Each structure stands twice: as structure tokens, then as C-alpha cells.
Amino acid sequence: MRVVTVCTKPFAGQKPGTSGLRKKVKVFSQPGYLENFVQSIFDNLPNEVKGKTLVLGGDGRYFNDTAIQIILRMAAATGFGRVLVGRGGILSTPAASAVIRKHAAFGGIILSASHNPGGPAGDFGIKYNLANGGPANETFTEAVYQRTQSINRYSCVEAPDVDLGALGETTIGITTVQVIDPVADYAELQETLFDFDRIAALLARPGFRMRFDAMHAVTGPYAQAILEGRLGAPAGTVVNAIPLPDFGGGHPDPNPVYAADLVTALADPHSGLSFGAASDGDGDRNMIVGRDFIVSPSDSLAVLAANHACVPAYSGGLAGVARSMPTSCAVDRVARSLGIPCFETPTGWKFFGSLLDAGKVTLCGEESAGTGSNHVREKDGLWAVLFWLNILAARNEPVAEIVREHWRKFGRNVYSRHDYEGIETAKADRLFAELRGKLPELPGAEISGMRVEAADDFAYTDPVDGSRSEKQGVRVLLQGGSRVVFRLSGTGTEGATLRVYLERYVADAALHDVPTQTALAPLVELAEKIANITAITGRNAPDVIS
Ligand code: G16
């Protein structure tokens, strides 16, 4: 088969964000655009890649199938020995990580814009994962970006599309393309971690009913195979189970706004539901809902850590835990009580990878609805659901009671995130420039009745490889363990999204039921005073409160 070299022009300013390159489909479908990025990845791989295995799959969103065929032809031109591709081009992000690790692949390409909407007018994304199964580190990402700025050709083989509908092998040039069951390796791995017999017994209890909302995204087939197949939950437990290229017109982000149907169902006493869960576009995020009770992602991480002994894979103890900086400090309290280290990293799963590889942590998580462990190197939505089911099976208490008891023991880190979306980039830049300028004068100041103890621009030195990441978000630490954090999203595709993270520590159990936004009102006032959000952005309320 002939290898063709196509001339192309470099593209400017396409810097990958928190999780790979995410852009509108119409940007990705410009001639040469996807190819430039893929070739820039391949150009940064060492020569030993020849003959090695690449894993390829995505969340099934619009353009997934076109992109897979392009990448297969380019992988063949690069000389990969084998490409493992999920049937139908499907692989959830955690499943891709599991497949890379199990098959000792050289790396993997994952096609997804995660929780962002899909369809012809929606978003698309691509990222490269390393042999450990985790997102490429900062150094690799930067090298790919630099290459995109000077690239002038890409290579592909001339070959017809590969049939991805059936399991089996074909060859393109010297490369074997193996279509694999996207669920099998992942499901097998989960079975080694959790007590499936105990969870199956819980799901068979007459008083227990769960619903898993796959949001017409990638986890549908995974949840059906595991929950309804291996664990025997009744058919129909998984709703919106069929992955659709536009997610059925929905926004596959498992939060109280976009998974409102699930929240409503769990709040309805006549629904008979005791446990609800959802996952996002590519299956790495999760939402956990009890009867009329939503578990915040930060609390979820803390509860999982505190109850690790319920789960066979973790019953021997945790090496340590990690959370991203804006995630609430609830898990820090658990770590202290367990006598294990707790790491605070910048936002982005890649930072957990090196801690996991070095055996420094076992569990990690983020406020953005991601939780995971050392079983893969991505956050894992269905894993978190199985972890909760395993805890419920072992403790035989409702979700809300487990969380409330956790608060009684550790105190409650009341938490919320306020998002201001689609701000003009220049205004966002000005807001941060002024905020950073104020940092030296904040410590010791009394604002909205609270004393500022410290304020900084979060910087992180990786304790394993010593790499340094600067400007990872502005932290304002207040008396009594409260905090306000300001950060710009790294995953949006339009303008800038300002995230304001608000956290207040409440030790007194009598105050644990004060509504979250009421408890955080003084912090909202303080955030406005410090950052001048309204004056600079023209917005007087956030677009999304979660
Ligand atoms: C990605 C990363 C996460 C990170 C999130 C932050 O999530 O994988 O580690 O927490 O972005 O998003 P933002 O920069 O918008 O706050 P995902 O699920 O989009 O891949």
C-alpha cells in the first residue's frame, strides 16, 4: 500500500487545554486540521513506535467515525504494528486506559470532548495517552503544540475504510487493525476490584432500586453489561443507554442541571428509587444521587476514602490520596485521620498519573465530578458508581445517612462552584491580571467579616519528576478553613469560562443542613469584592451553579 505525504500548513494558537485539544466540529473538520494534530503527536514519538501497539477509540460523538478512519491510515503510515480499536470506534476514556495497560500498548488516542455537547454544531476533541494509560504529561503536550506551529506535511496510506462493525483483524499496509469488544477488558478489571457477589445481592434486595443515566453517551453499553449483565440489575436500570452522535441533543455532563431528570426521579418518593448515578460523554465523570440527596464530588471522594475498607481492592489500606487544588479539603481530613499523605495538584488528571505511577496515592479525585484509583490512569465514572454500590452493600444504610454521618465525624466542607461562561477573553485576562496584582495586599485583610490568612497563585512541583506548573489558579485562604479559588477553565471552546470555587468549613453538626448557597453567601460577596467580577465582565450572576 502506498504511503502518501500531503503538504499542509501549520496552524497557529491551537494550544491543547486541560485535557487535550477541544474545538468545534467545524474546526476539526477543516481539511488537514485533525491530520496536523495527529501527525504532530506521531512526530514526537520515538522510533521504537514502529511495530508497537496503539489503542484507538472515542465516545462515539459526531465526527468520531470519520476521525478514526483518518487516524488508522496515519497510524499505518507511521508504522505501528497493531492498532486496537473499539468496535464501532467506541472506547470510554477509562476503558481506553484499561486497554492500553492490559495490552502493554505504546499509547492511545482518545477521541472525545468529554462532557461538552456533540453533534455537527457541537464539540470534538482528541488527546494522546501514554503507555501508563494516562494523559500525556505537560512536556509531551507542549512538544506536540510546538510541532503544530511548524508542521508542513502529514503522511497516510491510501486504503479503504476499515469495517469497525465486527470483531476481527484486517491489515492496512504493515499495520494490523484489530477491532476489539470495547467493554470486555474494562468489565473484567472492575470485577477484580469490587465484591460483585455482594453488590449483586444488594441489587436483588426487594427494597433497593437504582437508576443509571448514561445520558446517551458512551457508558450505556458498559453500564448495561456490568450492572444489568454481570450484576443482575433489572433490565431498564440503565436509561438513555444508547450512545448517540449528538447525545440525543442533551449535554452529557452529569450534574444537577444537565441530569435534572435523574435528580427529580430520586426526589420523588413514589419512584421507589434508592440510588441514582450518571456518567458523562466519555464515561470518566460521575454523579451520585441518594433519595432526595445529591452527593457533591468533593464529598464523594472523601466518603470513598473513608470507606475504602469496604472494597476488596482497597481493603489493605491506601498509600495516599490526591485532590486537585480547587477540590474541597474534605478528603484532607480523612487522610489526616488515616495517617496517610494527601497531595494537592493542579487541575487535570495528568498530575495524578505520576503520583499513581510512583505508588504515592491510591485514590484521587476532583470537584469536576471525577474520581479514580490506581486501577487505571484516568478518572472512571462507572468505577465510582461500583465503589458506592459496594459501600452501600457493606453498610446497608442510605446514601444520605452515610454522607451525614461522614459530616458528623469530620465536619462539613460546604462547597459550590460558580461558572461564568463565554466571557470575552480580554476581560477574563484583565480580571486575572488585576486579581494577581492584589495578592500581596490580601493576607491579614478583613473582607466581608472574614480574615484572609493567605493568598497566592497556585504553583506545583511534581514530587516525582520535579516538573513545575505555574499559574494554576488564585487561592484565597480564609480563617477557619474556608477558601475562595478563581480559575479559568481549560476545557471550554468559546471565549473564557471563569470558575469561582467557594468552600466553607462547618464543624457544628447543627449547621450542616443550612442550604449550601446560604452558607456560602458571605464568600460570594468576598469573591466579588476581591475580583470585581461584575464590573469587569458585565455579569451579575453566574451561568451555572453546581
Ligand atoms: C478535564 C480533565 C480533568 C479536569 C477538568 C477540568 O476533564 O480531565 O482532570 O478536572 O478537565 O475542566 P476545566 O478546566 O473546564 O475546569 P474532562 O472530563 O473534561 O476530560
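This tour of a predicted model goes from the domains to one interface and then to one helix.

**The domains.** Begin by colouring the protein chain by its domain assignment: domain 1 covers 3-181, domain 2 covers 186-410 and domain 3 covers 412-545. Keep domain 1 and domain 3 in view; their C-alpha centres are 35 Å apart. Nine residues from domain 1 and six residues from domain 3 make up the contact.

**The interface of domain 1 and domain 3.** The area buried between these two domains is about 600 Å², with 42% of it on carbon and sulfur atoms. Next, select Lys24 and Glu494 and show their side chains. The two form a salt bridge, with 3.1 Å between the closest N and O atoms. One salt bridge is found across this interface, and the count of residue pairs in polar contact between domain 1 and domain 3 is two.

Now select strand S2, residues 21-24. On the side of domain 1 that touches domain 3, strand S2 gives the most, with three residues. Colour that side of domain 1 by residue class: five residues are charged, four are polar and none is nonpolar.

**Helix H6.** Move to residues 184-193, which form helix H6. Which residues of helix H6 are buried? Select Asp185, Tyr186, Ala187, Gln190 and Leu193. To see what covers these buried residues, add the surrounding helices, among them H4 (93-102) and H7 (196-204). Helix H8 (219-230) and helix H13 (381-395) are also included in the cover over H6.

Conventions:
Residues numbered from 1 in each chain as written. Predicted model: local features only at pLDDT ≥ 70, side-chain atom pairs only at ≥ 80, totals over all residues. Heavy atoms only, no water. Domains from an automatic or database assignment. Contact = heavy atoms within 4.5 Å. Buried area = accessible area lost by both parts, 1.4 Å probe. Salt bridge = Lys/Arg side-chain N within 4 Å of Asp/Glu carboxyl O. Polar contact = N/O pair within 3.5 Å; in protein donor to acceptor, adjacent residues only side chain to side chain. Helix = DSSP H or I, 4+ residues; strand = E, 2+ residues; numbered from the N terminus. Nonpolar A, V, L, I, M, F, W, Y, C, P; charged D, E, K, R; others polar. Buried < 20%, exposed > 50% of the residue type's maximum accessible area, 1.4 Å probe, protein only.
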